[in-house]
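Biologist: I'd love a close look at one part of this model, the open sheet and what packs around it. Could you walk me through it at an unhurried pace?

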Amino acid sequence: MIFPTRRKTGTLPETAGDAATTAVPAEAKVAAPAPAPVVSIKDRRRDDYTELKVTLHQQLIDRINLAALETMTREQMQRDIGDIVQEMLKENNQALNAAERRQLVEDILDELLGLGPLEPLLKDPTISDIMVNSATKVFVERRGRIEEVGTRFASDQHLLRIIGKIVSNVGRRVDESSPMVDARLPDGSRINAIIPPLAIDGPCLSIRKFPPSRTSIDKLVEYGSMTVDCATMLKAVVASRRNVIVSGGTGSGKTTMLNALSASIGSHERVVTIEDSAELQLQQSHVVRLETRPSNIEGRGEVNQRDLVKNALRMRPDRVILGEIRSGEAFDMLQAMNTGHDGSMTTLHANTPRDALSRLEQMIGMSGIDISPKSARAQIASAINVVCQLERLQDGSRRVTSVAEITGMEGEIILMQEIFKFVREGVDEQGKVIGEMRPMGVRPKFMDILKARGFDLPSTMFDPFKRKEG
């Protein structure tokens, strides 16, 4: 039972002999004012409903024992809070039917226990991204398409309170002195928030959701992201301990692909993962997960990815998986790949496999190591075996658009050959991209290594003239 912490405003104390209970002479009595008209929630605009919900939430906090909530189930809270809400609705002259009242109680519970207006979006499995541009502008990405939704916050302060609730749960803070923050929800969803004065139109919040179940390579084949032949080769590449870079633009599915590829890692191998915000969901039991730490308010205590890569090499890993290369840690990651940690993987932002190598070279320069361009390219050519390129197409679908092998160097140029490539053929009447992934007719140089490790792939897999799959 949720016990009220104080009585309703204006309720008379129930004590014998209290002056407030003294009878009032009849001539001193004043006629009671006419009751305010009762308004149905159906007659209110959305913004008025949001204001009502927040008002009742604030009143509810003032009446209940918050500590009691920790020992109650949601069903018990729905019942007890429902009774209190019904009483408060009468006080506020609001008329709701049973269905509307149940919805209001659910919304208030979301405010009390969760993230308020965001809770229905977080529970919707079809939504992959939530983008709050302001208190009154909320967009989502659903099945690859961005659309505006009716979700609203009562005010900028309401949105700020939700953001503060998120970041405080992971020991971080956001205010005018620290107006940007990265965090994550308990389910692994990635959060980025930025507030005024940097955000001109009010606080902004971005949430990248991750599916509760791990996505396998076979599932990606079912979704049309790649062909069976491409998936079979990638499984063999990972199991045979080839070093892989997953490249692509924002929202192209790099983390999902990295999770899917990790399923081919042997269960006997020790894997160390390094991320800015923990997102990877590796399927092995022998995994050590490391996460960076930002500096505190005094600017101290930061632990970046480069620090963690160096530390990971002292932890006897069989493989190192770096969530995303952004700067100088590229040099340390390549060193790890070149010194016995075969089968390591990472992601980076780039538009083509060739661009991915150029970006790697640039990021090696950010390490502060004095190394010539030719030496940097030699490090890349000897460390990386395969680049898997992803792209989110204009119809919202995510595809593997290229799988390329690095074959060595010629002079100062890194040699690369495409094994599979997605060829676009047009767009249908529904706006869906028409195309197919085709083998490019080259036999990968790592085929002998794959065969030695027990993966004897048929040569027809790479024949561009064979009959189209499916």
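Modeller: Gladly; what follows goes from the sheet to its helices, then to a helix pair and an aromatic pair. Please keep in mind that this is a predicted model.

Let's begin with the sheet itself. Nine strands make it up, and the sheet is open, with mixed pairing. Reading across, the order is S11-S10-S12-S13-S9-S14-S15-S16-S17. The edges belong to S11 (287-291) and S17 (433-439); each has a single partner strand, so one side of each is left without a neighbour in the sheet. On average, neighbouring strands are turned by 25 degrees against each other, direction ignored.

Now step in from the S11 edge. S10 (residues 271-275) runs parallel to S11, and five bridges join the two. If you want a place to rest your eye there, find Thr273, which stands opposite Arg289 in S11. Helix H9 (residues 305-312) packs on the sheet in this region, where it touches S10, S11 and S12. The direction of H9 makes about 170 degrees with that of S10.

Another helix to look for is H8 (residues 254-262). H8 lies across S9 (244-248), S12 (319-322), S13 (345-349), S14 (386-392) and S15 (398-410). Relative to S13, H8 runs at about 165 degrees.

Next, a helix-helix contact. Two packed helices are described by the angle between their axes and the distance between the axes. For H10 (residues 329-337) and H11 (residues 353-365), the angle is about 110 degrees and the axes are 6 Å apart. The range from 65 to 115 degrees counts as roughly perpendicular, and H10 and H11 therefore fall into that class. On the H10 side, the contact is made by Ala330, Phe331 and Leu334, and on the H11 side by Leu360, Met363 and Ile364. By class, this contact has six nonpolar residues, with no polar and no charged ones.

Finally, let's return to the sheet by way of S16. The structure holds one aromatic pair, formed by Phe420 and Phe462. Their ring centres are 6.0 Å apart and the planes make 45 degrees, a tilted arrangement. Phe420 sits in strand S16 (residues 413-427), while Phe462 belongs to the segment after helix H13 (447-452). With their positions 42 residues apart, the pair links distant parts of the chain. Buried means under 20% relative accessible area; Phe420, at 1%, is therefore buried, and Phe462, at 4%, counts as buried too.

Key. Residues are numbered from 1 along each chain as its sequence is written. This is a predicted model: local features need pLDDT of at least 70, side-chain atom pairs count only at pLDDT 80 or more; totals for chains, interfaces and linings use all residues. Side-chain values use heavy atoms; hydrogens and water are left out. Two strands pair if DSSP finds at least two bridges between them. Helices (H or I, at least four residues) and strands (E, at least two) are DSSP runs, numbered from the N terminus. Axes are lines fitted to C-alpha atoms, for helices over the stretch in contact, and angles run from 0 to 180 degrees between N-to-C directions. Contact means heavy atoms within 4.5 Å. Angles under 35 degrees count as roughly parallel, over 145 as roughly antiparallel, 65 to 115 as roughly perpendicular and the rest as oblique. Ala, Val, Leu, Ile, Met, Phe, Trp, Tyr, Cys and Pro count as nonpolar, Asp, Glu, Lys and Arg as charged, and the others, Gly among them, as polar. Rings of Phe, Tyr and Trp (its six-membered ring) pair if their centres lie within 6.5 Å; planes under 30 degrees apart count as stacked, over 60 as edge-to-face and the rest as tilted. Buried means under 20% relative accessible area, exposed over 50%, partly exposed in between (1.4 Å probe, protein chains only).
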